[in-house]
Amino acid sequence: MRPYELIKAKREGHPLPPERIREFIAAYTRGDVPDYQMSALCMAVFFRGLNAEELGAWTRAMLESGEVLDLSETPGIKVDKHSTGGVGDKVSLSLAPLAAACGVPVPMISGRGLGHTGGTLDKLESIPGFRVDLSVADYRRLVRDVGACLIGQTSTLAPADKKLYALRDVTATVDCLPLIASSIMSKKLAEGIDALVLDVKVGSGAFMKRLEDARALARTMISLGTAMNRKVTALLTDMDQPLGRAVGNALEVVEAVEMLRGQAPEDYTEVTLALTAEMLVLGGKAATPQQAREQLRRVVEDGSALQKLRDIVRAQGGDPRAIDDYSRLPQARATRDVVAPVEGFVTAIDTEAVGLAAVALGAGRQRVDSLIDPAVGFTLLRKVGEPVKAGEPVVRVHYNNEGPLKDVEERLLAAYSFGHEIPPPRPLIVERLE
């Protein structure tokens, strides 16, 4: 089948032969299939989906488009965590040093910002000098010697996904279950892990806004992992409002460091500890999540988790002094407050709208080649359920360029809903699947 025939077959709802899927993705990776034809196929998949056989073939083709790492030289069970993406989700920045401080090796290959969500790599690169473009040899060495390494996709690891990841971001095919599942699992299975914890976000700021969709995505990824002999656990976590109070790259680094000092917002701390506890259980360092949490409490209190973060930053070329002196991180030149128009309570936050406002401000990408301003972002002074008075600040905008400021303020005010009654609380950890 020529690319045209494959696209047409999927557009009309026909199942694609696994060998044709493998050929198409291999040709796309080589550059023989252009972006516009892959975009067309992705849009057909968006509307028609992939059955289990097609999805397995698609994922394996993505995985085998490059090198599959072997980290057997590093003792212990290698465990990673992956989030499906949210707003204010800086969990990886504190989770990796927490798990490594407890003896779990953490090989982590992360991504850039996608759509309205932030990216771990962009946040890490706001630390002066921090390198996410390390070689595979350095990656292996740091996982072995430091206990964790956080990098971006190399040219040899799942290169098909690296090309497709950027393409989906600009063709409105991000929030597609089979494309999300295959992207995540091909990348994660290539990095040399033995087990994986999934943080599947659900709510207004997630790609999966309905619980049933989030559950289906989690089960799909667990099935893909099981088929390839990896242990996978998933937590469905709330993204109906931003996680923590910081949105924006350098601002989120500060909040992540504060979590390792035991001083971060409660919601962010709880989600991070729950996910890291699952890593310790899969990594054989604790029998139960409760035992794992006791270990995590100790490494925060004795400072070893914070020291592990310094070690990771230093090993990856960053300035570890920025962990203790936040003035060494990028700083916005000014701030402006968005105020509440009425008295009452914050009843809801359209989290995707907050993420898009951050993109408009310069904290995310509007195009593949957009430059990010690491200093800009928001501090959420009021979140859902908290009281406000008319004229009281609800969001502090950290900005460098006044150009988009009016648009950003309007977006933020439209994202907030106010009322006279406190809304019922939503659980942070919605469900656990394994």
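**Close-up views of strand 4 and the enclosed spaces**

**View 1. V202 meets its neighbour across the sheet.** V202 stands opposite D238, a residue of strand 5. The wider pairing here joins strand 4 to strand 5 (residues 231–238) in the parallel sense, over eight bridges. To get from strand 4 to strand 5, the chain passes through helix 10 (residues 211–227), and this β-α-β crossover is right-handed. Please keep in mind that this is a predicted model, here and in the views that follow.

**View 2. Strand 4 also pairs with strand 1.** Strand 1 (residues 79–83) runs parallel to strand 4, and the two pair over five bridges. Look for H82, whose bridge partner in strand 4 is L198.

**View 3. Strand 4 is covered on both faces.** Side chains in a regular strand alternate between the two faces of the sheet. On one side of strand 4 you will find A195, V197, D199 and K201, and on the other L196, L198, V200 and V202, all of them buried. Because eight of the eight residues of strand 4 (residues 195–202) are buried, the strand is largely enclosed by the rest of the structure.

**View 4. The largest cavity holds about 370 Å³.** This is the volume of the largest cavity, and 27 residues line it, with H82, S83, T84, G85 and Y165 the closest to its centre. H82 may look familiar as the bridge partner of L198 in strand 4. Helix 9 (177–190) is among the elements that supply at least two lining residues, as are strand 1 and helix 8 (159–169). With five residues, helix 9 gives the largest share of this lining. By class, the lining has eight nonpolar, 12 polar and seven charged residues.

**View 5. The second largest cavity has a volume of about 160 Å³.** Its lining comprises 21 residues, and those closest to the centre are H116, T117, G118, A358 and A363. Helix 6, helix 11 (249–260) and helix 15 (351–361) each give two or more residues to this lining. The largest share, three residues, comes from helix 15. Sorted by class, the lining has six nonpolar, 11 polar and four charged residues.

**View 6. The largest pocket offers about 570 Å³ of space.** Here Q241, D267, V384, R426 and L428 are the closest to the centre, out of 22 lining residues. Helix 12 (266–282) and strand 8 (344–349) are the elements that give two or more residues to the lining, and helix 12 makes the largest share with three. Nine nonpolar, four polar and nine charged residues make up this lining.

Technical notes: Residues numbered from 1 in each chain as written. Predicted model: local features only at pLDDT ≥ 70, side-chain atom pairs only at ≥ 80, totals over all residues. Heavy atoms only, no water. 1 Å grid on protein atoms, 1.4 Å probe; cavity = no way out; pocket = protein on both sides within 12 Å on 5 of 7 lines; lining within 4 Å. Points joined across faces, edges and corners; volume = space filled by probe spheres on them. Helix = DSSP H or I, 4+ residues; strand = E, 2+ residues; numbered from the N terminus. Nonpolar A, V, L, I, M, F, W, Y, C, P; charged D, E, K, R; others polar. Buried < 20%, exposed > 50% of the residue type's maximum accessible area, 1.4 Å probe, protein only. Pairing = 2+ DSSP bridges. Right-handed = clockwise from strand over helix to strand, strands pointing away.
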